[in-house]
Amino acid sequence: MGTVERRVAPGDGAATPERAARSAQAPDRGLLTGESVAVEERRILPRGDEERVHYRPLWIEEPARRRRLPDPVRTAAVRAVLIIAVTLLQAMVAFLCTLAGSWLAFPMVLSSVASTIAATWGVLDVWVTRQVWNQRNGVISVPSSTARSLRRERRRARREARAAQRTQERIRRRGGSGQLSHP
């Protein structure tokens with residue numbers, strides 16, 4: 001009983017013809033830049049009452065559940081996926097050539113074996129790169145993490161110990177007895 005139209009909702013960008021024209025001129029801005037589009041619903045009530053306008057977003061942006069992979073790890077993962085895809089393709093072609101009795105079957109089987117070794121190396125590369133990244137950059141922790149607060153406490157204790165040591169050395173150099181005040 002109602003009509004649904006695309007309109008500009010308060011605070012949201014909407015897909016209008018003018019906006020589409022602007023987005024065609026500037027491809028890095030416009031419709032596909034993460035701005036949400038709202039739907040305006042107009043309901044005509046059966047008793048002839050006035051219509052209500054209700055705005056609801058087409059989507060609600062939610063924060064990511066997991067952090068993005070570091071660049072070296074992501075690069076290794078993409079490389080591994082590509083190698084695995086090529087390996088599966090070669091294995092399928094080798095199987096089909098074998099069924100067809102083609103002369104290409106033997107070279108394809110050999111290349112599939114080599115690609116399997118390369119794919120195994122690619123997966124191990126992702127694992128090793130991830131371990132190296134974690135060792136070099138530490139465990140990713142949220143601000144309330146106990147690991148971060150423990151590191152902060154250790155740093156503070158080291159700073160205080162160095163300051164106390166410098167104070168003691170300064171007193172010894174001046175020829176004091178090692179006490180800062182008399183009892």
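This passage describes the fold of a predicted model and then looks at two of its helices, α2 and α3.

The protein chain holds 4 helices and 3 strands. Followed along the sequence, these elements come in the order β-α-β-β-α-α-α. Of the 183 residues in the protein chain, 17% count as buried. Among the contacts with a separation of 6 or more, 47% join residues that are 24 or more positions apart. The surface exposed by the protein chain amounts to about 15,200 Å², and 59% of it is supplied by carbon and sulfur atoms.

The UniProt record is a handy place to begin with the helices. In an unreviewed entry, UniProt places the feature "transmembrane region" at residues 76–103 and 109–128. In the model, residues 76–103 are 89% helix and 0% strand, and the end C-alpha atoms of this span lie 35 Å apart. Residues 109–128 are 100% helix, again with 0% strand, and here the end C-alpha atoms are 29 Å apart.

Helix α3 covers residues 105–137, which makes 33 residues. At 1.5 Å a residue, a helix of that number of residues should span 48 Å, and the end C-alpha atoms of α3 are 47 Å apart, so the expected and modelled values agree. After α3 comes Gly-138, whose phi is positive, near 80°.

Which residues of α3 are buried? They are Ala-105, Met-108, Ser-112, Ser-115, Ala-119, Gly-122, Asp-125, Val-126 and Thr-129. The partner against which these buried residues pack is helix α2, residues 71–100.

Two members of this buried set show the packing at the level of single residues. Ser-112 sits in helix α3 and has a relative accessibility of 9%; because buried means under 20%, Ser-112 counts as buried. Apart from its neighbours within four places in sequence, Ser-112 is in contact with Thr-87, Gln-90, Ala-91 and Ala-94. Asp-125 also belongs to helix α3. The relative accessible area of Asp-125 is 18%, which is under the 20% cut-off, so this residue is buried too. With neighbours within four places in sequence again set aside, the contacts of Asp-125 are Ala-76 and Arg-79.

Helix α2 also offers residues with more open surroundings, as judged by accessible area. Leu-88 lies in helix α2, and its relative accessible area of 57% makes it exposed, because exposed means over 50%. How far apart in space are Leu-88 and Thr-116, C-alpha to C-alpha? The distance is 8.7 Å, although 28 residues separate the two in sequence.

Met-92 is likewise a residue of helix α2. Its relative accessible area is 44%, between the 20% and 50% cut-offs, so Met-92 is partly exposed. Met-92 contributes to a nonpolar surface patch of about 540 Å², made together with Leu-89, Phe-95, Leu-96 and Leu-99.

Taken together, the model pairs a set of buried α3 residues, including Ser-112 and Asp-125, with α2 as their packing partner. Elsewhere in α2, Leu-88 is exposed and Met-92 is partly exposed, with Met-92 forming part of the nonpolar patch.

Notes
Residues numbered from 1 in each chain as written. Predicted model: local features only at pLDDT ≥ 70, side-chain atom pairs only at ≥ 80, totals over all residues. Heavy atoms only, no water. UniProt positions renumbered as here; feature names shortened; annotations may be inferred. Helix = DSSP H or I, 4+ residues; strand = E, 2+ residues; numbered from the N terminus. Expected span 1.5 Å × (residues − 1). Buried < 20%, exposed > 50% of the residue type's maximum accessible area, 1.4 Å probe, protein only. Contact = heavy atoms within 4.5 Å. Areas by Shrake-Rupley, 256 points an atom, 1.4 Å probe, with all protein chains shown as cover. Patch = residues over 30% accessible without salt bridge, like charges linked within 9 Å, V, L, I, M, F, W, Y side chains within 5 Å. Salt bridge = Lys/Arg side-chain N within 4 Å of Asp/Glu carboxyl O.
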